[in-house]
Amino acid sequence: MPKVYFVWAGAAREVSVVGSVNREKPIKLELISRRSGPAVFRGEFRVDASVQKVFYKFIVDGRSTLDDSVAQENWPGHGLRNVTTPRSSRGPQTYPYRKLDFDNYDFRVLVVKFSDSDEGKLDCCLEHESLINPSSYLALSYCWGDQNNSRSIQIGGYSVEITTNLAAALYAVRRLRCSTATRGPVRLWVDAICINQADNEERSNQVRNMRRIYAKSSEVLSWVGSGALSGFPPEAVEYLIKKQSLIQRLNEATSSHRDAQMLLDDFSSFSYATKEAWVENQLNIMDAFFNQPYWKRVWIIQEVTVASRVTIVWGNAEIPWEIVAKALSAWKMMELSIGPRQTRGFTNALHLLEFHDHDNVRPQPISLLDAISWSHQTLSTDPRDRIFALLGLCHDGPRFVPVPNYKQTLEAITTDMVLSMMRYTKSLDLICLKGVGVKASRGRKLPSWVPNLTDLWSGSLTIQEKNFFEWKSVNSFMPVLDGSDATTLKVKGKFLGKITGLSTGISTDGIIRLPSQPREPWIHATSDLIRKNLRLWGASDENRDVRDAIYRTLTMCLLPEKISYECARDCFASLWTPIGRGAIHNIALINWIDSNAEFKIQDFTLREWSMLKSEYDATTFDTYSYPDEGLLEVFIATLEKVLGSGMKLAALDGSQILGMVHPDARVGDKLYALKGCTVPVALRPVGIGSVREFKVVGGAYLLGRDKLYHQRHREGAEMPDIDWGNGAGVLELS
């Protein structure tokens, strides 16, 4: 029979051990040393070979310490069980996690023991399970909460600190799921406790298995929180969500009036007036509920999406996810029909519908890039989890991030991921995703060709970036050249033009910057320009093409088909006239038109170009033609969409004379066509010499130069095939 040895060291006169193998009869330990240090006591148990675990505690000078247990792996042959100091419940302790067997797909579950009192101390222990054939368990989805607001729970006799929000969740689980009849425990997956957070190797392994852990659980309990919302009790949340879901199902004819009666019966203890007050304040109550930190946590996406059964918990209220999803869909449709008047709290949970529908309702593969964009409003304690939390949901996640490695920095993870995406799709389009005013967290620095994907969609995007998923493409050749690495991307490029002039831009932060000095009134004088400058009348076809290129560039060829060539020409001509000014209601756009009236492209200013008339134009109107009021509004709305996204008009000195560029562009930047990139790119030189090194500024728009972009938008000229062997060279992007 094997033995279990116990060694205790510390200031004491007498030490005994009481445990499960000696039927609660204390065994006195032998004093073996008092010299040069604390007293050392030693003793042993003989146990049957079939026993897997021994529960025990020390009794020191008549006072017992906390309960603990020792597994067979620590028995003789595997090492002694040594306790060098008595453990105390007075302070937090580091729990001694036993190693997981990764080959066996091990994970831990937290066993929360029954308590006669709802407020009784949480007494738990950890058990190992295998994903191959696990026993039944629940999984907890929750928000970690304020790290500085904590309380202790007992895990295997150890006092372990957790946040008060997690503690509240565990109390709720014990109250709702521990059987009073059997007084049995509840087995629960809780990532913060079940994963040894100090072991990066284990964290990476368990993140890879997270999808399966939640998918194999019998139920996921989503702890949102508790307490009153906008002064209303927790029951108000349950009633309003179920009521909205029921209305949606009645509209879809997927529910009956019997269901409605059952809902009323559930809340029969509340008066009609009370429920009416809840309905009156529905938006405020729901805003308070969906603005809870839980809904912004990135990990809940996977936890809710893959589970076979999800229950949302607020206080004592339990609401099935299917009911919450129906209510969210109804509010979403309501918002679309009446238009958003302000940002409502339920928008914090709408991305869960997108993921859930793709994974369950209409199963479709989810790409990692899609997942990152859908989850842009989410948060995580560790910024790397903004990527790792999505891998289990994406068909290409393991391809681009093979192993969730917590030893890597977020910068290294993002760079490796983007480079893998470029090589796999054989496309450089990702380098055009720069965003407007996107600032990396302090100390975080990425190469200019790597988009800051975790923060990108949280800020503003140019109109070109917003349409990225429409025009991005794949190629049949490899555009990433040999010699590329995590710092430098080598590509083939051809020079298109250098920026010699830039218009002002419309700020995306909503701040309108008006001129310091008032301008002279000239709106009424615009139509007289053609009489004062004879070169504007009967202009050459070449100049007419330049004029047309200006308004087509300003609108990036996004005008609908109902606006003809003549109509677009007349709308452009009206911008600096009273009729055009009267049709514009956006002060920022008015300011842009005024500020850039004298912006010069070749021989004329924008205002002069708008008045230019060719011989063809002379056959379609005399001096000035008034555009249709409705079509003028469409033209202005398109212009507002492009300029309002921050794009700037640029004058160029190369093979192209003008284009739209990213708001971060400067005079002196160069526009290149890159082999493998759908749209032109603005680059900033950073070095001189034979090796051409650049920083990526952002995507650009040149009329006729972004072929695939034009294929999705009318009026775009086909981009002529570029001779990559003539004038093209290798560029280094850093």
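Good morning. In helix α22, the residues A588, L589, I590, N591, W592, I593 and D594 are buried. I begin with this helix, and I should say at once that the model is a predicted one. Seven of the nine residues of α22, which spans residues 587–595, are buried, so the helix is largely enclosed by the rest of the structure. What do these buried residues pack against? Their partners are four helices: α19, α21 (578–583), α23 (606–611) and α25 (629–643).

One of those partners, α19, covers residues 541–554 and contains R547. Is the arginine at this position buried or exposed? R547 has a relative accessibility of 1% and therefore counts as buried. Beyond four places in sequence, the contacts of R547 are Y565, R569, F572, W609, L612, K613 and D617.

Let me turn to the sheet. Nine strands make up an open sheet of mixed pairing, and their order is β14-β13-β11-β10-β15-β12-β16-β17-β18. The edges are taken by β14 (158–163) and β18 (317–320); each has a single partner strand, so one side of each has no neighbour in the sheet. From one strand to the next, the twist averages 40°.

As a reminder, strands in a sheet pair through backbone hydrogen bonds, in either the parallel or the antiparallel sense. Both senses can be seen here. Strand β16 (residues 219–225) pairs with β17 (residues 310–314) in the parallel sense, over five bridges. Within that pairing, S222 has I312 of β17 as its bridge partner. Strand β10, by contrast, is antiparallel to β11 (residues 123–130), with seven bridges between them. The pairing of β10 with β15 is antiparallel too, over three bridges. V111 takes part in both pairings: its bridge partner in β11 is C125, and in β15 it stands opposite R187.

How many of the residues of β10 are buried? Seven of the seven are, so this strand is largely enclosed by the rest of the structure. Its two faces are both covered, with D106, R108, L110 and V112 buried on one side and F107, V109 and V111 buried on the other.

Helix α1, residues 164–177, lies across a set of strands that includes β10 (106–112), β12 (138–141), β13 (150–155) and β15 (186–189). The helix also lies across β14, and runs at about 105° to that strand.

This brings me to the nonpolar cores. The largest has 133 residues, and those with the most contacts inside it are L140, L170, F289, W295, W321 and L674. Setting aside neighbours within four places in sequence, L140 is in contact with L166, A169, L170, V173, L188, W189, V190, Y214, L221 and W223. A separate core of 50 residues lies apart from this one, and includes C567, A573, L649 and M660.

On cysteines, the number of disulfides comes to zero. Why is C677 not counted in one? The nearest cysteine sulfur, that of C432, is 3.7 Å away, whereas a disulfide requires the two sulfur atoms to be within 2.5 Å, so C677 is in no disulfide. C677 is buried, with a relative accessible area of 12%. C143 is likewise buried, at 17%.

One loop position also deserves a word. D653 sits in the loop between β24 (648–652) and β25 (658–661). With a relative accessibility of 46%, D653 counts as partly exposed. Leaving out residues up to four places away in sequence, D653 touches F495, G497, K498 and T500. D653 and K670 are 17 residues apart in sequence, and their C-alpha atoms are 9.8 Å apart in space.

I close with the confidence of the prediction. The protein averages a pLDDT of 82, and 81% of the residues score at least 70. Which elements mark the two ends of the range? Strand β12 has the highest mean pLDDT, 97, and strand β9 (residues 81–83) the lowest, 38. Over residues 66–91 the pLDDT is below 50, although the model gives this stretch 83 contacts beyond near neighbours in sequence. Residues 705–720 also stay under 50, and there the model has 61 contacts beyond four places in sequence. Thank you.

How values were computed:
Residues are numbered from 1 along each chain as its sequence is written. This is a predicted model: local features need pLDDT of at least 70, side-chain atom pairs count only at pLDDT 80 or more; totals for chains, interfaces and linings use all residues. Side-chain values use heavy atoms; hydrogens and water are left out. Two strands pair if DSSP finds at least two bridges between them. Axes are lines fitted to C-alpha atoms, for helices over the stretch in contact, and angles run from 0 to 180 degrees between N-to-C directions. Contact means heavy atoms within 4.5 Å. Buried means under 20% relative accessible area, exposed over 50%, partly exposed in between (1.4 Å probe, protein chains only). A nonpolar core is a set of buried Ala, Val, Leu, Ile, Met, Phe, Trp, Tyr and Cys residues joined through side-chain atoms within 4.5 Å. pLDDT is the predictor's confidence in each residue, from 0 to 100.
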